[in-house]
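Okay, everyone, thanks for coming. I'll put the structure up on the screen, and then I'll walk you through how its pieces fit together.

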Amino acid sequence: MSGVLVVMEQRGGAWNRMSFEAFEAGLALANKLGTDCIAAVVGESVQSMAWDSKSQPNAMYAVENGALKEYTSDAFVEALAQVIKKLQPAYVVFPHTYQVRDFAPALATRFKQVLISDVVAVHEGPVFVRQLLQGKLNADYKHSSQGPCFISVQAGSFRAEQAPASALTMEVFTPELDATKVRNRPGERFRESAQTVDLSSAPVIVSVGRGIGEQENIGVVEELATALGAEIAASRPICDNGWLPMERQVGSSGQTVSPKLYLAVGISGAIQHLVGMKGSKTVIAINKDENAPIFEVADYGVVGDLFEIVPALTKAIQNAKG
Ligand SMILES: Cc1cc2nc3c(=O)[nH]c(=O)nc-3n(C[C@H](O)[C@H](O)[C@H](O)COP(=O)(O)OP(=O)(O)OC[C@H]3O[C@@H](n4cnc5c(N)ncnc54)[C@H](O)[C@@H]3O)c2cc1C
């Protein structure tokens, strides 16, 4: 067993961009090990998909079969198990997408392995870093058993540089699949947040997180946004709860913003949130937990209760404006 295999994700012939971040992680791992980085994509007619990232794989496989047109965990596990048996990689790397979370543990189990999920960094060793307790602790993991090591890479942890789309020679691998053994029937897909509000051009954003406690309290933050002439945004739990519309969500499954000022109120700073706002010029965070990870990206941090600080700040801004 040698080499690194990165399993890219596509839907209807369009890449899931997280795949390229996973590819960068796979490439970094391959470089550390002095080995090849191979990529594979699973689907029905994926061989002609154009590659649009600056870094390129040493070889690429299109894993094609009519039974792989729609995602099902049974068919993907069987198809990828056959690919792994053929290529014998030492490491198999995935983007940590919803789809991967669904099938990758079962695939790892086929090889009597576990999936090291949500990896945010790869160090010499190789040592894989995962975050615990909402990012307060980093834990190091090493693969010590026989068999391939399976890892999934957290969104935003590795940077992929986009390049003009170019054709990539893909070798077609056709797994043998028995349709009668596929037990799953594809249902309706998870709806990512729609983007009817364009937060990307807002110069000032006040963003609210779960620290707000309940929907009735959102007004406290809205008043601050109005005083600052800012757009209001939110972390995912706020939008999932329907307290603010989905299009106001910032993060890996929401919008990416880069305002002059991003004021994070009651937001812990989970990596999926940080990837959407870390390009902001100035970040101010208000959080009652001095160890909250948001303070690591904040230029100014206020440790305290938002229900005391935000109304006082709003008042001060209103007074300053006269
Ligand atoms: C695949 C996937 C995609 C995701 N996509 C996104 C995404 O796009 N965007 C996103 O935001 N998240 C996303 N998440 C969720 C993410 O992992 C976190 O769960 C989420 O960001 C946490 O939101 P939060 O910071 O508002 O809540 P919490 O993590 O619960 O943090 C609340 C914070 O408020 C503070 N607080 C509590 N009370 C007060 C108070 N009175 N005054 C001041 N501070 C207070 C607490 O100390 C805490 O730090 C995604 C997760 C997954 C798995």
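**Two sheets and their helices**

Let's start with one pair of residues: Leu-5 sits opposite Ile-38 of strand 4. Before I go on, please keep in mind that this is a predicted model.

So what joins strand 1 to strand 4? Five bridges do, and these two strands, residues 4–8 and 37–43, run parallel.

Now zoom out. Strands 1 and 4 belong to an open sheet of nine strands, with the order 10-9-8-11-7-1-4-6-13 and mixed pairing. At the edges you'll find strand 10 (137–141) and strand 13 (171–173); each has a single partner strand, so one side of each has no neighbour in the sheet. On average, neighbouring strands here are turned by 40 degrees against each other, if you ignore direction.

Helices pack on this sheet too. Helix 1, residues 18–33, touches strand 1, strand 4, strand 7, strand 8, strand 9 and strand 11, and its direction makes about 180 degrees with that of strand 1. Then there's helix 3, residues 98–110, which lies across strand 7, strand 8 and strand 11 and runs at about 165 degrees to strand 7.

A quick stop at helix 2, residues 73–87, where we find Gln-82. Is Gln-82 buried or exposed? Its relative accessible area is 19%, and the cut-off for buried is under 20%, so Gln-82 counts as buried. Leaving out residues up to four places away in sequence, Gln-82 touches Phe-173, Pro-175 and Glu-176.

Okay, on to the other sheet. This one is open as well, with five strands in the order 15-14-16-17-18, and the pairing is parallel. Strand 15 and strand 18 take the edges; each has a single partner strand, so one side of each is left without a neighbour in the sheet. From one strand to the next, the twist averages 15 degrees.

Have a look at strand 14, residues 204–208. Five of its five residues are buried. Val-204, Val-206 and Val-208 are covered on one side, while Ile-205 and Ser-207 are covered on the other. Strand 14 pairs with strand 16 (residues 261–265) in the parallel sense over five bridges, and there Val-206 stands opposite Leu-263. Strand 14 also pairs with strand 15 (residues 231–234), again in the parallel sense, over four bridges; in that pair, Val-208 has Ala-234 as its bridge partner.

Further along, strand 17 (residues 282–287) pairs with strand 18 over four bridges, in the parallel sense. The partner of Ile-286 in strand 18 is Val-302.

Helices again! Helix 4 lies across strand 14, strand 15 and strand 16, at about 175 degrees to strand 14. Helix 8 lies across strand 16, strand 17 and strand 18, at about 130 degrees to strand 17.

How do helix 4 and helix 8 meet? Their axes come within 9 Å and cross at roughly 25 degrees. Angles under 35 degrees count as roughly parallel, so helix 4 is roughly parallel to helix 8. The crossing is left-handed. Among the residues making the contact are Val-220, Leu-224 and Leu-228 of helix 4, and Val-310, Leu-313 and Ile-317 of helix 8. Sorted by class, the contact has nine nonpolar, three polar and two charged residues.

That's my tour, so let's take a look at the screen together.

Conventions. Residues numbered from 1 in each chain as written. Predicted model: local features only at pLDDT ≥ 70, side-chain atom pairs only at ≥ 80, totals over all residues. Heavy atoms only, no water. Axes fitted to C-alpha atoms, helices over the stretch in contact; angles between N-to-C directions. Parallel < 35°, antiparallel > 145°, perpendicular 65-115°, else oblique. Left-handed = near helix turned anticlockwise from the far one by under 90°. Contact = heavy atoms within 4.5 Å. Nonpolar A, V, L, I, M, F, W, Y, C, P; charged D, E, K, R; others polar. Buried < 20%, exposed > 50% of the residue type's maximum accessible area, 1.4 Å probe, protein only. Pairing = 2+ DSSP bridges.
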